[in-house]
Amino acid sequence: MKDSKLIRKAVYFKLPRIDNLNDSLSLDDFKGKIIILNFWATWCEPCKEEANELNKIYTNLKDSIILIGVNIWDRRENALEFIKNYNLKFLNLYSKANPISVDYGITGVPETVIIDKEGNIIYHFKGPINEKIIKEIIKNLK
């Protein structure tokens, strides 16, 4: 896994929930929280492998972080099926028509961006992540 430590402002976004396109959420809805944005697609094998780790991260750290999956480059029906098949417990947004992948410099999937409480992107991981990595980072942010 390649990662980089970045310090730059997170780009504003407003995206609909995959399970309810009429309910959109924005970056501002999570001000003052540590946000983990995980970019994924249904056809991505590493995304499938990472799904269980993301559920563990959500279950064990939901009091400390906001975990948001962002489905990109996919059909909504496929994304809904993926969420069901992998029993994803965390919030997932849909970005079919939104340039969020460009705004966040996403070049493939899975990729994960960590945003601190001040709204700065502090890490950008290319490839699957796991709970150990996330715990190590957020313990230094509290």
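Six aromatic pairs turn up when the whole structure is searched. This is a predicted model, and the tour starts with one of those pairs.

**Stop 1: the W40 and F82 rings**

Select W40 and F82. Their ring centres are 4.6 Å apart and their planes meet at 25 degrees, so this pair is stacked. The two residues come from distant parts of the chain: W40 sits in strand 4, F82 in helix 2, and 42 residues separate them. Both W40 and F82 are buried.

Keep F82 and add Y86. Is this pair stacked or tilted? The ring centres of F82 and Y86 are 4.6 Å apart, but the planes stand at 35 degrees, so the pair is tilted. Stacking requires planes under 30 degrees apart. Compare the surroundings of the two rings. F82 has a relative accessible area of 6% and is buried. Y86, at 31%, counts as partly exposed.

**Stop 2: helix 2**

Now select residues 76-85, which make up helix 2. Colour A79, F82 and I83, which are buried. Look down the helix axis: the buried residues fall within an arc of 100 degrees, so they line one face. An α-helix has 3.6 residues a turn, so residues three or four places apart point the same way.

Turn to the face pointing away from the buried side. There you find K84 and N85, both exposed.

What do the buried residues of helix 2 pack against? Show strand 4 (34-40), helix 1 (45-61), strand 5 (65-71) and strand 6 (91-94); these are the partners.

**Stop 3: loops on either side**

Step past the end of helix 2 to N87, in the loop between helix 2 and strand 6. N87 is not a glycine, yet its phi is positive, about 50 degrees. N87 is partly exposed, with 46% relative accessibility.

Go back to W73, in the loop between strand 5 and helix 2. W73 also has a positive phi, about 60 degrees, without being a glycine. Its relative accessible area is 42%, so W73 is partly exposed. Most residues other than glycine have a negative phi, and most peptide bonds are trans.

For the peptide bond, select V109 and P110. A cis bond joins them, with omega about -5 degrees. P110 lies in the loop between helix 3 (100-103) and strand 7.

**Stop 4: the nonpolar core**

Next, the largest nonpolar core, which has 49 residues. Which members touch the most others? Select L37, F39, Y104, I114 and I115. Many elements contribute: strand 4, helix 1, strand 5, helix 2, strand 6, strand 7 (111-115), strand 8 (120-126) and helix 4 (131-139) each supply at least two residues. Strand 4 gives the largest share, six residues. In soluble globular proteins, nonpolar side chains tend to be buried together.

Centre on I115. Leaving out residues up to four places away in sequence, I115 touches A10, L27, K33, I34, I35, L37, Y104, N120 and I121. Then add F13 and F39 to Y104: these three form one aromatic cluster.

**Stop 5: the disulfide**

Finish with C44 and C47. A disulfide joins them, with S to S at 2.4 Å. The count for the structure is one disulfide. The torsion about the S-S bond is about 85 degrees, so the disulfide is right-handed. Are these cysteines buried or exposed? C44 has 3% relative accessibility and is buried. C47 is buried as well, at 3%.

Technical notes. Residues numbered from 1 in each chain as written. Predicted model: local features only at pLDDT ≥ 70, side-chain atom pairs only at ≥ 80, totals over all residues. Heavy atoms only, no water. Disulfide = S-S within 2.5 Å. Buried < 20%, exposed > 50% of the residue type's maximum accessible area, 1.4 Å probe, protein only. Helix = DSSP H or I, 4+ residues; strand = E, 2+ residues; numbered from the N terminus. Arc of directions from axis to C-beta. Contact = heavy atoms within 4.5 Å. Core = buried A, V, L, I, M, F, W, Y, C linked by side-chain atoms within 4.5 Å. Phe/Tyr/Trp six-rings, centres within 6.5 Å; stacked < 30°, edge-to-face > 60°.
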